[in-house]
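Here are my notes on the model you sent round. Please read them with the sequence and the structure open.

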Amino acid sequence: MIKSRSDLKEYIYLDNGYLHDIRDKKCNFLMKLVNDPEHMINKYLLYLRKQEYYTNTGKGNKLKTLFSLYYERKKHKIGNKLGFYIAPNCCESGLVIYHHGQIIINNAAKIGHNCQFHGNNCVGNNGITEDAPTIGDNVDIGFGAIIIGNVTLADDIKIGANAVVNKSFTEKGITIAGVPARKIK
């Protein structure tokens, strides 16, 4: 959770680390010029992190509350184009999103450090209860994978493409796939 300016800088630096360096102005300008989805994903994550910062530090401060709403609006504007909805304070640092296309994360979900999403993912409740998943660190979520319900995933798990995870996996470093998901390696 972002609680200070230094936390904000760290989160921004670690998110989408595989992409072009966002401090490289020439590269950033070219990506913006051609409306590159990678640029838009970077902007989305930047606005998400700024919204989190102003939300978490702005208790009772009207100016920070306004900044929080401002960045939330900017985030939603880009999110509508990309197909993303990620609630604030759900994901720890090092979040990586490889592709644009539906990524929905429930506001009650908890996602650890350095998690990777490949696109068309849903992390949410099961429709019966409001409980959402808790995902460990370094989890790689394949294209089209869905994680629903009150499940817990351990660290370093790889989830195969189009898997439906509806039960907990507490063994570290395994690979799961299938509908419903089961351990395959």
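**Notes on the predicted model**

1. Ile 135 stands opposite Leu 153 in strand E10. Strand E7, residues 134–135, is joined to E10 by two bridges, and the two strands run parallel. Please keep in mind throughout that this is a predicted model.

2. This pair belongs to an open sheet of three strands, ordered E4-E7-E10, with parallel pairing. The edges are taken by E4 (110–111) and E10 (152–153); each has a single partner strand, so one side of each is left without a neighbour in the sheet.

3. There is also an open sheet of six strands, in the order E2-E5-E8-E11-E13-E14, and its pairing is mixed. Here the edge strands are E2 (96–97) and E14 (182–183), which have a single partner strand each, so each has one side without a neighbour in the sheet. As general background, strands of a sheet pair through backbone hydrogen bonds, either parallel or antiparallel.

4. At the E14 end of this order, E13 (residues 175–177) and E14 are joined by two bridges and run antiparallel. Ala 177 is the residue that stands opposite Arg 182 of E14.

5. Which residues of helix H1 (residues 5–14) are buried? They include Leu 8, Tyr 11 and Ile 12. These residues lie on the same side of H1, because they cover an arc of only 95° around the axis. In general, an α-helix has 3.6 residues a turn, so residues three or four places apart point the same way.

6. The buried residues of H1 pack against helix H3 (37–57). On the face of H1 turned away from the buried side are Lys 9 and Tyr 13, both exposed. Just after H1 comes Asn 16, with a positive phi of about 50°.

7. Leu 63, Leu 66, Phe 67, Leu 69 and Tyr 70 make a nonpolar surface patch of about 510 Å². Leu 69 is placed in helix H4, which spans residues 62–82.

8. Is Leu 69 best called buried, partly exposed or exposed? Its relative accessibility is 48%, so Leu 69 counts as partly exposed. The cut-off matters for this label, because exposed means over 50% relative accessible area and buried means under 20%.

Definitions and conventions:
Residues numbered from 1 in each chain as written. Predicted model: local features only at pLDDT ≥ 70, side-chain atom pairs only at ≥ 80, totals over all residues. Heavy atoms only, no water. Patch = residues over 30% accessible without salt bridge, like charges linked within 9 Å, V, L, I, M, F, W, Y side chains within 5 Å. Areas by Shrake-Rupley, 256 points an atom, 1.4 Å probe, with all protein chains shown as cover. Salt bridge = Lys/Arg side-chain N within 4 Å of Asp/Glu carboxyl O. Helix = DSSP H or I, 4+ residues; strand = E, 2+ residues; numbered from the N terminus. Buried < 20%, exposed > 50% of the residue type's maximum accessible area, 1.4 Å probe, protein only. Pairing = 2+ DSSP bridges. Arc of directions from axis to C-beta. Contact = heavy atoms within 4.5 Å.
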